[in-house]
Amino acid sequence: MCGVITMAKATQLTQDVETSEMTMVEAICEAHDQELARDDRVMIMGEDVGWDGGIFRATDGLVETYGEDRVVDTPLAETGIIGTAVGLAINGMRPVPELQFSGFSYQAFHQIESHLARFRKRTQGGMNVPVTIRMPYGAGVRALEHHSESRETYWIHTPGLTVVIPRSPQQTWAYLKASIRSEDPVVFLEPKALYRKFREPVPEEDVDTDQLPDIGPAQVLEEGEDVTVVAFGHMLYRTRQAVAELEEEHDISATVIDLPTVSPLDSETIVDSVEDTGRCVVVQEAHRTLGIASEISARIMDEAVLHLEAPVKRVTAPDVQTPLLAREQAYMPDVPRIKEGIVETVDF
Amino acid sequence: MPIEQVDTPSEIPYIQILDQDGNVDEELEPQIPSSDLVDLYRTMVKSRKFDERRMKLQRQGRIGTFAPSHGQEAAQLGSIYATRDDDWFVQSYRELTANLWRGLEVEDDLLYAAGYEHGMELTGEENQTPIAIPIASQTCHATGIAWASKLKGNDRVTITYFGDGSTSEGDFHEAMNFAGVFETPTVFLCQNNQWAISVPRERQTASDTLAQKAHAYGMPGIQVDGNDILGVYHATKRAVDRARAGDGPTMIEAITYRMNVHTTADDPTKYRDEEDVEPWRERDPIDRFRTYLLEKDVLDEGDHDTIEEEVTEEIAEAVETFEDKAEELGDPEDMFDFAYSDEPPYLAQQREEFTDYWDRHDVWGDHHG
Ligand SMILES: Cc1ncc(C[n+]2csc(CCOP(=O)(O)OP(=O)(O)O)c2C)c(N)n1
Ligand SMILES: [Mg+2]
């Protein structure tokens with residue numbers, strides 16, 4: 001997954017920059033560092049983000065460089081973190097709050113839904129609230145209850161929010177920077193199973209905004225003829241493995257589409273592809289009902305139903321409470337399950 | 001008009017009965033039967049030994065993350081011992097010692113830590129709630145449970161446990177406020193172990209004490225030396241008796257120390273020095289209680305060794321039972337169980353779809369990605 005081409009795709013970089021090999025969590029830290037240096041309105045806040053460097057080390061060493069006013073260990077209170085971030089943003093700051101796990105974002109739900117996502121609307125464009133809320137999400141690290149959920153639908157279902165889910169260190173670096181510079185509130189969901197999964201070259205220097213990706217468009221990572229496979233985040237990682245194996249074993253040629261931004265959803269790229277392939281599989285880690293896969297399926301029905309040669313397949317977790325760690329691998333779609341979904345769709 | 005002072009109860013009593021050198025305040029010393037004293041001591045030792053064993057099992061990958069009780073044994077045990085067996089126990093996630101007193105089986109704790117909900121199976125007879133990980137959320141349940149006891153006209157008290165960091169969450173304040181307004185028989189037992197992961201107590205709140213927060217909600221707040229089991233017992237007994245008599249809730253701040261990691265996922269060397277921890281080693285709650293028991297001739301050195309051997313043996317057996325049980329729980333289908341009281345048809349369909357898949361694939365083997 002490394003190399004100059006993937007890099008350009010993930011980041012839209014055209015200028016030459018110094019890079020070094022980083023994990024996703026290191027890329028987050030690097031992006032934070034660059035944005036803090038670039039714009040003194042940027043501040044990081046959350047539980048244990050300061051002297052501990054974040055429990056996943058996503059803010060490691062930053063308080064030492066930027067001080068306690070800009071990298072803030074807050075009291076243990078998610079409503080307070082997001083509610084004050086809204087106030088800070090209204091009064092000119094650009095807060096980048098971390099919620100320690102997405103499973104503890106519900107305490108802040110009301111501030112996000114009632115205010116963060118509505119201020120611009122409520123003031124008829126008079127007030128922007130440029131807050132980027134980072135939260136690790138998803139299963140796969142043998143964690144406790146509430147530490148493994150994929151509940152992106154809550155945020156996707158909240159008009160006014162942009163929801164980003166990156167797939168790789170480069171993409172994380174680029175999208176986090178773009179999110180922090182965006183005037184819209186962004187929920188930035190980090191697939192923690194990928195935090196230390198692999199390294200990529202990540203720019204060690206800041207770039208201008210025009211070098212950063214537009215938030216929104218889907219990215220076509222591979223072009224194929226038989227089927228369109230859509231995924232994002234951790235599941236994209238598994239999906240690419242599944243697709244590679246199927247090409248090898250069954251000569252199936254798939255278009256692979258990544259959704260770095262799951263909301264607003266770029267269905268055009270997906271629909272265009274499905275018009276060519278006639279088949280679509282969406283892989284999501286979340287449980288099935290009302291997931292992004294359901295929305296994609298509905299949009300294909302709206303716009304490309306006559307091109308379909310098979311039902312749109314949703315490869316998902318089951319509609320049960322996310323189990324504890326002994327069951328998490330069985331719960332999440334794994335490579336064989338993704339392969340089965342694709343084969344079933346191609347053979348339909 | 002001159003400015004007048006409004007009278008509010010600002011005094012916070014601090015209780016200590018057994019100090020770190022083993023001196024006892026004889027006036028306050030509770031009269032606990034010798035057999036109970038030995039049982040309490042045994043429970044503390046078992047808790048400490050089991051924490052050590054769990055740590056090893058976690059490092060070997062045989063269980064997942066957990067939060068040790070190490071250092072907080074007296075705060076938990078003195079308080080739970082002050083409740084009646086039919087009083088409600090509403091825990092957070094660090095209450096191993098209190099759980100052992102209430103009859104938790106070591107193998108069940110391990111099953112839960114290894115990721116099997118089965119370890120937390122409750123029959124509804126236990127008068128306790130399961131582990132609550134979202135910080136302070138359980139304190140609201142404790143107020144509600146106590147409220148129901150009051151409405152039902154029984155004299156059961158509810159005790160709930162939470163940490164210093166938990167006092168920052170809205171849930172805590174709402175629970176306290178409801179308890180004050182509805183005069184519920186709730187005891188709010190705050191284990192101030194000085195840290196919320198990396199955030200020290202002084203940075204969590206600008207209040208001088210945590211106990212004084214009680215005054216804002218119209219209830220008494222008490223501080224107690226949390227490493228003094230007798231003091232904790234005394235303070236909690238007062239609060240429990242008060243609640244049982246219908247006089248409403250109390251908040252207790254037990255001052256103790258988190259001697260170990262926050263959880264096994266944490267590295268305290270990032271944010272605290274060994275010098276911070278050192279003075280607390282001398283205040284160890286188990287050593288202090290042992291000195292007391294030896295002085296009182298309730299225990300001799302031989303008994304102490306026997307107890308250590310016995311609990312070590314019990315734990316070893318429980319680890320084996322746990323491993324056997326975990327082995328039997330190979331089938332992931334049970335993730336569908338209890339999702340609803342009656343399984344809806346669409347979910348039954350999914351159960352079939354997934355079990356069919358699992359039957360055809362080794363979901364226990366090495367995983368891709
Ligand atoms: C709502 C919520 N936010 C964040 C967390 C993550 N977290 C787990 S324990 C903890 C610190 C708790 O500190 P304290 O209340 O003092 O209890 P202690 O762990 O020290 O016993 C945090 C932030 C959580 N479990 N729940
Ligand atoms: Mg604490």
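This report walks through the two ligand sites of a predicted model and two residues of chain B.

## How to read the model

Residues are numbered from 1 along each chain as its sequence is written, while chains are lettered from A and ligands numbered from 1 in the order in which they are written. In this predicted model, local features need pLDDT of at least 70 and side-chain atom pairs count only at pLDDT 80 or more, whereas totals for chains, interfaces and linings use all residues; side-chain values use heavy atoms, with hydrogens and water left out.

## Ligand 1

Let's start where two chains come together: ligand 1 lies between chains A and B. Around ligand 1 there are 21 residues (each with a heavy atom within 4 Å of it). The closest are A:Glu78, B:Tyr93, B:Arg94, B:Gly165 and B:Ser166. By class, this shell has nine nonpolar, seven polar and five charged residues. Here Ala, Val, Leu, Ile, Met, Phe, Trp, Tyr, Cys and Pro count as nonpolar, Asp, Glu, Lys and Arg as charged, and the others, Gly among them, as polar.

Chain B also offers N or O atoms to the ligand. A nitrogen atom of ligand 1 is 3.0 Å from a polar backbone atom of B:Ile135, and an oxygen atom of the ligand is 2.8 Å from a polar backbone atom of B:Trp195. With B:His262, the partner is an N or O atom of the side chain, 3.4 Å from a ligand oxygen. The protein buries 96% of the 580 Å² that ligand 1 exposes when taken alone (Shrake-Rupley method, 1.4 Å probe).

## The magnesium ion

Ligand 2 is a magnesium ion, and its protein donors (N, O and S atoms within 2.8 Å of the metal, or 3.2 Å for Na, K and Ca) are B:Asp164 (OD), B:Asn193 (OD1) and B:Trp195 (O), lying 2.1 Å from it. Water is not among the atoms, so the site may look incomplete.

B:Asp164 sits in the loop between β3 (158–163) and α6 (170–182) of chain B, and B:Asn193 in the loop between β4 (186–192) and β5 (195–196), so the pair ties together parts that are 29 residues apart in sequence. Helices (H or I, at least four residues) and strands (E, at least two) are DSSP runs, numbered from the N terminus. B:Asp164 counts as buried because its relative accessibility is 1% (buried means under 20%, exposed over 50%, partly exposed in between; 1.4 Å probe, protein chains only). B:Asn193, at 4%, is buried too.

## B:Thr167 and B:Asn177

B:Thr167 belongs to the loop between β3 and α6, and its 2% relative accessibility makes it buried. Leaving out residues up to four places away in sequence, B:Thr167 touches several residues (heavy atoms within 4.5 Å), among them B:Phe162, B:Cys190 and B:Met251.

B:Asn177 lies in helix α6 of chain B and is partly exposed at 34%.

Definitions and conventions
A polar contact is a pair of N or O atoms within 3.5 Å; within protein, one must be able to donate a hydrogen and the other to accept it, and residues adjacent in sequence count only if both atoms are side-chain atoms.
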